[in-house]
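Work through these short exercises with the model open. Try each task before you read its solution.

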Amino acid sequence: MSSTSAFRGGVSRHHLDHAATSPLRPEARAAMIDALGAGNPNAQYAEGRAARRILEESRESIAADLGAEPVEVIFTSGGTEADNLGVRGLYLAGAKKRGGPGTVTTTPVEHDAIRKAVAHLADHHGARVLEAPVDAAGRVVVGELRGLCDDPSSAGFPHLAWTCQWANNETGAIQPIGEFIAAAGEYGAPVHVDAVQAIGHVPVDFQAGGAATMAASAHKFGGPRGIGALLVRRGVSPAPLNAGGGQERGLRSGTPDVAAAAGMAAALRAATAAMEKERRAVVKLRDRLLAAVRELEGVVVHTSEPALPGHVHVSVSGAEGDSLIMLLDAAGISAATGSACAAGVNRASHVLEAMGVDVATSRGALRLTLGWDSSDADVDAVLSVLGDTVARARAAGMA
């Protein structure tokens with residue numbers, strides 16, 4: 001594996017931001033090239049039938065790798081759309097059936113795709129929002145959540161949707177998703193799982209898991225950008241968010257991107273087949289990186305087990321996260337602060353805030369994430385500049 005690449009006149013680059021996007025796998029590239037000439041899969045003539053065959057074979061492949069039925073795979077433009085269709089669709093369908101608003105239960109450590117979808121339900125559909133308590137590692141405390149649900153103040157608000165991220169995009173923390181789903185069942189609530197970070201990195205069995213819907217994004221496991229999927233359990237009918245021709249079980253109208261679907265299926269098949277081998281390789285690299293980081297003075301490590309294998313999320317005291325990633329970028333290393341980002345502007349992490357991390361520490365956040373093509377050379381590149389990078393960022397001071 002190697003994520004070293006040439007960029008801007010042959011300067012070597014090292015990609016340590018797999019949590020944001022993972023490089024395209026060769027299997028995905030080949031599948032997309034083969035399908036680029038596909039016609040409109042909605043057409044009834046020969047070219048359309050050929051395109052439809054590629055689309056449905058891709059759907060069947062994805063379903064097989066995720067423990068789902070093909071009919072349960074709904075193609076979307078990516079994880080954000082899948083998350084919105086999942087949580088908003090479930091809530092709106094429940095509100096229509098019950099004839100009024102109710103509760104949507106979430107957590108304070110969700111990705112913005114979920115946070116803003118939930119806020120939309122509160123602002124425009126009268127939803128009552130209940131946030132699950134989390135511990136110092138950012139994991140849901142399911143027992144305390146039950147206590148909130150049983151509080152008398154919750155009476156009269158039916159539970160219309162629960163949502164939880166399987167693995168956190170900042171810290172890599174894996175949630176007790178099975179316990180969360182089981183608790184939701186006690187209150188008759190369907191669950192949407194944001195599995196964008198998890199799929200392709202941990203085994204998934206949608207049928208056995210009990211979630212009503214589950215979001216996936218192809219580029220997080222080496223597929224193309226601009227495509228994802230929402231797994232929708234047979235018998236579950238979220239409210240569609242857009243009107244149109246009724247494609248994708250009537251849940252996501254529009255002409256599907258056949259080549260992207262083929263690339264997504266090929267990437268997921270490759271990721272699933274190599275999952276354990278890649279996990280072992282990534283863990284070794286992560287442990288090397290983490291050991292070096294821990295030797296630096298004034299560094300707080302936010303990632304704790306159980307977590308995704310490739311995450312190293314830390315804070316550097318006395319330094320701004322923006323300074324750290326800019327200095328690393330100048331050294332040919334792609335990294336992130338891990339905080340929520342809108343149009344490239346970093347802001348304080350709501351995830352770290354929910355974990356009880358003070359603002360000053362949070363401002364020094366740095367996220368280094370490894371993936372399928374990471375190599376010793378990538379880690380070596382970070383280690384060769386990390387000490388100097390931290391010193392220079394601290395010298396620059398806090399804004």
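## A helix, a sheet and two cavities

Helix H10 (residues 321-330) lies across S11 and S15, and runs at about 40 degrees to S15. Keep in mind that this is a predicted model.

**Exercise 1.** Find the order of the strands in the open sheet of three strands, and say which strands stand at the edges.

*Solution.*
Step 1. The order is S10-S11-S15, with antiparallel pairing.
Step 2. Strand S10 (299-301) and strand S15 (365-369) each have a single partner strand, so one side of each is left without a neighbour in the sheet. These two are the edges.
Step 3. On average, neighbouring strands of this sheet are turned by 30 degrees against each other, direction ignored.
Step 4. Look at S10 and S11: three bridges join them. Val 299 stands opposite Val 316 in S11.

**Exercise 2.** Which strands does H9 lie across, and at about what angle does it run to S11?

*Solution.*
Step 1. H9 lies across S10, S11 and S15.
Step 2. Its angle to S11 is about 10 degrees.

**Exercise 3.** Describe the lining of the largest cavity, then that of the second largest.

*Solution.*
Step 1. The largest cavity holds about 260 Å³ of space. Its lining has 20 residues.
Step 2. Helix H9 (residues 275-294) gives the largest share, four residues.
Step 3. Sort the lining by class: seven nonpolar, nine polar and four charged.
Step 4. The second largest cavity has a volume of about 40 Å³. Among its lining residues are Val 299 and Val 316.
Step 5. Sort this lining too: eight nonpolar, no polar and no charged residues.

Note on methods:
Residues are numbered from 1 along each chain as its sequence is written. This is a predicted model: local features need pLDDT of at least 70, side-chain atom pairs count only at pLDDT 80 or more; totals for chains, interfaces and linings use all residues. Side-chain values use heavy atoms; hydrogens and water are left out. On a 1 Å grid over the protein atoms alone, a cavity is a set of points where a 1.4 Å probe fits but cannot get out, and a pocket is an open set with protein on both sides within 12 Å along at least five of seven lines; lining residues have an atom within 4 Å of a point. Grid points are joined across faces, edges and corners, and a volume is the space filled by probe spheres set on the points. Ala, Val, Leu, Ile, Met, Phe, Trp, Tyr, Cys and Pro count as nonpolar, Asp, Glu, Lys and Arg as charged, and the others, Gly among them, as polar. Two strands pair if DSSP finds at least two bridges between them. Axes are lines fitted to C-alpha atoms, for helices over the stretch in contact, and angles run from 0 to 180 degrees between N-to-C directions. Contact means heavy atoms within 4.5 Å.
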